[in-house]
Amino acid sequence: MAGSRAPVVVLAGLSGAILGVVLTLLAQGTEPPSQSGDVRRVIRPERAPNTGLPFSPGILVGNTLYLAGHLGRDPVTSELVPGGIEAETRQALANLGEVLKTAGMSFEDVTSVTVYITSFDDFATFNTSYREFFPKDPPARATVQVAALNAGARVELQMVAVKP
């Protein structure tokens, strides 16, 4: 008899958990996600490098934009810009700025950045260029040194942005 009650107990527990999440969201003034979910929209700026690789520059879901990793590629030639870490950083951020702009956002909406860098010897120079785009209240950030990046790049940046 105890075994026959197990599915009922599990179902009651799950129902309680779901109700708790919904009530918490409502109490916080946040609407629960719709049954169909938020629409997933590809964000592809007109002025962006075209590498032919299978990824989207950005994916917008609700008010959250997920930006793919971007290298410092020239938007016309798709080649890495010359000038080392400083030029690559500025170009990668400019390319990311185009994705943000296409989604109706700006660098002020960026909440998180992941930086992949091939040498921490370039870290100070990278930060100087990075600060130009985030002069005040920069987003949360992780920086990881990697052995290599696509096309011989020295830096790649990936972001998440949220429009309030």
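# Notebook: a look through the fold

I started with the surface: the accessible area of the protein comes to about 10000 Å², and 57% of that belongs to carbon and sulfur atoms. A reminder to myself that this is a predicted model.

**Entry 1: overall layout.** I counted the elements next and found 3 helices and 6 strands. Reading along the sequence, I noted the order α-β-β-β-α-β-α-β-β. How much of the protein is buried? I got 32% of the 164 residues. I also checked the contacts between residues at least 6 apart in sequence, and 68% of them join residues at least 24 apart.

**Entry 2: strand E3 and its partners.** I picked E3, residues 64–70, and looked at its cover: 5 of its 7 residues are buried, so I wrote it down as mostly covered, with buried meaning under 20% relative accessible area. Which strands pair with E3? One is E2 (residues 58–61), which runs antiparallel to E3 over 4 bridges. Another is E6 (residues 155–162), also antiparallel to E3, over 5 bridges.

Leu67 is a handy place to stand in E3. Towards E2, Leu67 is the bridge partner of Gly58. Towards E6, the bridge partner of Leu67 is Met159. I then followed the chain from E2 into E3 and found a hairpin with 2 residues between the strands. Gly62 sits in that turn and has a positive phi of about 65°. A note for my own reading of the strands: in a regular strand, side chains alternate between the two faces of the sheet.

**Entry 3: helix H2.** I took the ruler to H2, residues 84–102. Its 19 residues should span 27 Å at 1.5 Å a residue, and the end C-alpha atoms are indeed 27 Å apart, so the two figures agree. Just after H2, I spotted Gly104 with a positive phi of about 80°.

Which residues of H2 are buried? My list reads Gly84, Ile85, Glu88, Thr89, Gln91, Ala92, Leu93, Asn95, Leu96, Gly97, Val99 and Leu100. To read such a list I keep in mind that an α-helix has 3.6 residues a turn, so residues three or four places apart point the same way. I then asked what covers the buried residues of H2. The cover includes strands E1 (40–43), E2, E3, E4 (110–117) and E6, along with helix H3 (123–133). E3 thus turns up again here, as part of that cover.

**Entry 4: aromatic rings.** How many aromatic pairs are there? I counted 5. One of them joins Phe120 and Phe123 edge-to-face, with 5.4 Å centre to centre and 80° between the planes. Are these two rings buried or partly exposed? Phe120 has 37% relative accessibility, so it counts as partly exposed. Phe123, at 28%, is partly exposed as well.

I moved on to Tyr130 and Phe134, a tilted pair with 4.9 Å centre to centre and 40° between the planes. Tyr130 is buried, with a relative accessible area of 4%, and Phe134 is buried at 6%. Both belong to a cluster that ring pairs build from Phe107, Phe126, Tyr130, Phe133 and Phe134.

Last look of the day: what sits over the ring of Tyr130? I found the charged end of Arg141 there, 4.6 Å from the ring centre. For Tyr130, then, my page shows a tilted pairing with Phe134 and the charge of Arg141 over its ring.

Note on methods
Residues numbered from 1 in each chain as written. Predicted model: local features only at pLDDT ≥ 70, side-chain atom pairs only at ≥ 80, totals over all residues. Heavy atoms only, no water. Buried < 20%, exposed > 50% of the residue type's maximum accessible area, 1.4 Å probe, protein only. Pairing = 2+ DSSP bridges. Phe/Tyr/Trp six-rings, centres within 6.5 Å; stacked < 30°, edge-to-face > 60°. Lys NZ or Arg CZ within 6 Å of the ring centre and 35° of its normal. Expected span 1.5 Å × (residues − 1). Contact = heavy atoms within 4.5 Å. Areas by Shrake-Rupley, 256 points an atom, 1.4 Å probe, with all protein chains shown as cover.
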